[in-house]
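Hi,

Here is the structure I promised to pass on. Have a look at it first, then read my notes below.

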Amino acid sequence: MSGTALVVRGLSKSFAGVMAVRDAGFSLERGRVTAFLGENGAGKTTTIKMVLGFLRKDSGEVELRARTVGYVPEQPAFFSWIKGAELLDCTLRMHGVPLERRRERIATWCEKLSLDPGLLERRVPTYSQGNRKKFSYLQSLLVSPDLFIVDEPFTALDPTSIMAARRLFCELAEGGAAVFMSTHLISEVEKIYDDVIIIRGGAVVLRKRREDPGPWPDLETLFLSSVRSPFRGE
Amino acid sequence: MPDRPRRQVTFRLTWLRLRRSPAAWAAAAAFPAFILYLWIKGSYGTALRSFLFLLPHAFLILSQDMAGDEIREGRLENVLFLGNGFKDHLFGKNAVLVLTGAVYGLGLFIPLWVIGLVTHRSGWGDLFGLVVALLAGVYYVMLGGLLSHYLKGGSNVLALIVVQAAAFMGLLFSAAQKGGFLDLLSAGHFPGFVAKLEFLAFAAVLPNVVMAGRLRHYVLWIVGLTALALFVQWIKVRRLELKRS
């Protein structure tokens, strides 16, 4: 499957007069893994939250062409009273997945994510941080997203799970989904990215495909050259 | 996303929360026990009147921590609530809580009322009392929901109860004064603008007061306040952004 899953044009947002995102524009293609890089406070999470509708945009346009969207926040939080299985049931019910297929789908993804299915009978906030992250992956993947957005995909995951997550992103992209990940871990992204978008001071300063020619030997050099500022003595 | 599955999810999530809330269970059990106690120790009439007077508070208990913590702790930043889903969810909770309170209230009222009807101690007029009590309950849900956007945890309910206690104390102090507010309340007549205003403010804090026979026409004031609270809540939710604290 090819085509565009998301188009963002002229997106801007300010908080109390401080511009967090300014005139950001990019598009995400299906079948590709896009890395969204930027320093702390560059506006990555704000951009993602505007795309998802969690924050209002001051101006700009978000054109969502994907049918279903998956989202894993950096630090997932869940209702304190709900068990994992109940939340998954709500998710699948909302997406019209028939009852008989729900259990099978959950079992398949639990295995892929190395998440103990026994945990699902417990309330989600009682899980370890890593398992909460995996549960968030599970919840999002169950809906078969064709746009998968992950904020800091590797936070709280152990090295084995990081490897599994990398493999997962590639599989999703091969399956035709657009994968959009915001992260600081350039070394991990380097192994799997197809496209890269770099944001600095709220503005998108670089959009590049892996196959595009350039003088940079690796993603880290590309990132550093994009965010380096003569005003900060770097 | 179609509206129906979204509504179902809101219903299920809200219902699960209520089902697992020890405070809700304790209140749900204590209320009929108290009414039964009044019936045994006092009379059927006292029990029925007290039931109708206190029923709105059952709605108030349901409305504790309706929105604030979910927003502040980032629980709504979930794949279930993408787009404007979190807004629909927050607004839809009002309906679930009102429905739950109404079913609970009716479940207790019907047997109580039927027994009274059979033994000629209640009448059809009590049905109007029930409607007024339910309307006051709906107001509590709207007000509790609105306050929970500003106050943490269950303090939306606590704050209202503290204000009610202060208003009640003021009422008691006015008992010493001839022609004071308590006298006006008993007479159901408020001469002058200030007295009327005082009553309207009192009813806004303790809407149960309109259950008193001479004050029942003030239920329209409660309906108006409900509409206002709902409107302000709607504006608040419409402008809402999910920012973690």
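What follows is a short tour of the cavities and of one helix.

Keep in mind that this is a predicted model. I started with the enclosed spaces: searching the whole structure turns up 2 cavities of 30 Å³ or more.

The largest cavity holds about 70 Å³ of space. Its lining is made up of Leu113(A), Ser114(A), Lys134(A), Tyr137(A), Leu157(A), Ser161(A), Ala164(A), Ala165(A) and Leu168(A). Two elements of chain A, α4 (129-141) and α5 (159-174), each give two or more residues to that lining. The biggest share comes from α5(A), with 4 residues. Sorted by character, the lining has 6 nonpolar residues, 2 polar ones and 1 charged one.

Now switch to chain B. The second largest cavity has a volume of about 40 Å³, and around it you'll find Met66(B), Ala67(B), Leu90(B), Gly145(B), Ser148(B), His149(B), Gln233(B) and Val237(B). This lining splits into 4 nonpolar and 4 polar residues, with no charged ones.

Last stop: helix α1 of chain A, residues 44-52. How many of its 9 residues are buried? The count is 8, so to speak a mostly covered helix. The buried residues are Lys44(A), Thr46(A), Thr47(A), Ile48(A), Lys49(A), Met50(A), Val51(A) and Leu52(A). Right after α1(A) comes Gly53(A), which has a positive phi, near 90°.

Have fun clicking through it!

Note on methods. Residues numbered from 1 in each chain as written. Chains lettered and ligands numbered in written order. Predicted model: local features only at pLDDT ≥ 70, side-chain atom pairs only at ≥ 80, totals over all residues. Heavy atoms only, no water. 1 Å grid on protein atoms, 1.4 Å probe; cavity = no way out; pocket = protein on both sides within 12 Å on 5 of 7 lines; lining within 4 Å. Points joined across faces, edges and corners; volume = space filled by probe spheres on them. Nonpolar A, V, L, I, M, F, W, Y, C, P; charged D, E, K, R; others polar. Buried < 20%, exposed > 50% of the residue type's maximum accessible area, 1.4 Å probe, protein only.
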